[in-house]
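Colleague: I am new to this structure and would like a close look at a single part. Please take me through the place where two helices of one chain meet, and then what lies around it.

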Amino acid sequence: MAANIGPRRLVVGAHYGLRDWLAQRATAVVMAVYAIAVGVYAVFVLPPGYEAWAGLFVPLWMKVATLVAIGALVYHVWVGMREIFMDYVKPTSIRLFAYLLTLLWLAACAVWSVQILWRV
Amino acid sequence: MSTAPHTKNRPEFKNIHVTQILSYRLPAGGFASFLHRFSGALMFLALPFLLWLFDMSLVSELGYARLAEVFSSWFVKLVLPGLSWALLHHLVTGVRHLLLDLHIGIDKQAAARSALVVHFISLPLTLLAALKLFGVF
């Protein structure tokens, strides 16, 4: 490995590629566990109707767990969308603009989800 | 901008451009992977719509009741099964990717087989989810 990196080979980058790659997988596991647990519980255990559904999100730990899952979602989506833009949008200005829109979109969704959860 | 020396005449391997997609016959793995990406982008765009539904379901008894009204529109009837597919396909192919990362089922035959199996899992589950959403059971 190190033999490849001689004095004539320039190694650049912030090394966030591996970090994002790992984070994408870790956040995927968090979301999968949350989605399967809540999905199975809501479909097979929870009685139908508003009372039971809203009651599920009343305890603080459930709000926190949901928000953590949404946080994982935001990071995961950011890595994925960034990957798509890197592959298909070549002009730098348009790509950076797409990144910006993605971040704003995700930030807005995250803030909105806090409002939804803490109003229950 | 810094460039390394000795970069002349190296072969370049670029990603397939969107406009070239149809002229390639993707193997099963590539197809599942493409749909993984597509379903992810779909859910990204639908995020506000899903939050809107989530909001309505939790805001009040009245909002919860209004969901039935929303579900009865033909547009939502079209969109929700689509998003159910996106979620289930993304989840199932995601688990497949995680297993491949762990070097499980990484040889050619096994990977090609699992790339087909994901559809046999995600499509029936989508059908069940759609039936559940519209109160068939």
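Modeller: The part to look at is the meeting of H3(B) and H4(B), where Leu80(B), Pro81(B), Ser84(B), Trp85(B), Leu88(B), His89(B), Val92(B), Thr93(B), Arg96(B) and Leu100(B) in H3(B) touch Ala111(B), Ser114(B), Val118(B), Ile121(B), Ser122(B), Leu125(B), Thr126(B), Ala129(B), Ala130(B) and Leu133(B) in H4(B). Contact here means that C-beta atoms, placed from the backbone, lie within 7 Å. Helices are DSSP runs (H or I, at least four residues), numbered from the N terminus. By class, this contact has 13 nonpolar, six polar and one charged residues. Ala, Val, Leu, Ile, Met, Phe, Trp, Tyr, Cys and Pro count as nonpolar, Asp, Glu, Lys and Arg as charged, and the others, Gly among them, as polar.

The model is predicted: local features need pLDDT of at least 70, side-chain atom pairs count only at pLDDT 80 or more, and totals for chains, interfaces and linings use all residues. Residues are numbered from 1 along each chain as its sequence is written, and chains are lettered from A and ligands numbered from 1 in the order in which they are written.

The angle between H3(B) and H4(B) is about 150 degrees, and their axes are 8 Å apart. Therefore H3(B) is roughly antiparallel to H4(B) (angles over 145 degrees count as such, under 35 as roughly parallel, 65 to 115 as roughly perpendicular and the rest as oblique). Axes are lines fitted to C-alpha atoms, for helices over the stretch in contact, and angles run from 0 to 180 degrees between N-to-C directions.

H3(B) also packs with H1(B), at an angle of about 135 degrees and with the axes 9 Å apart. That angle is why H1(B) is oblique to H3(B). Among the residues that meet here are Leu35(B) and Met43(B) in H1(B), and Leu83(B) and Leu87(B) in H3(B). The class count for this contact is eight nonpolar, seven polar and no charged residues.

The three helices also share the largest nonpolar core, which has 13 residues, with Leu87(B) and Leu88(B) making the most contacts inside it. Helix H1 (28-59), helix H3 (74-101) and helix H4 (108-133) of chain B each supply at least two of its residues. H3(B) gives the most, eight residues. Such a core is a set of buried Ala, Val, Leu, Ile, Met, Phe, Trp, Tyr and Cys residues joined through C-beta atoms within 7 Å; buried means 20 or more other C-beta atoms within 10 Å of the residue's own, against 12 or fewer for exposed and in between for partly exposed.

How values were computed:
Contact = placed C-beta atoms within 7 Å.
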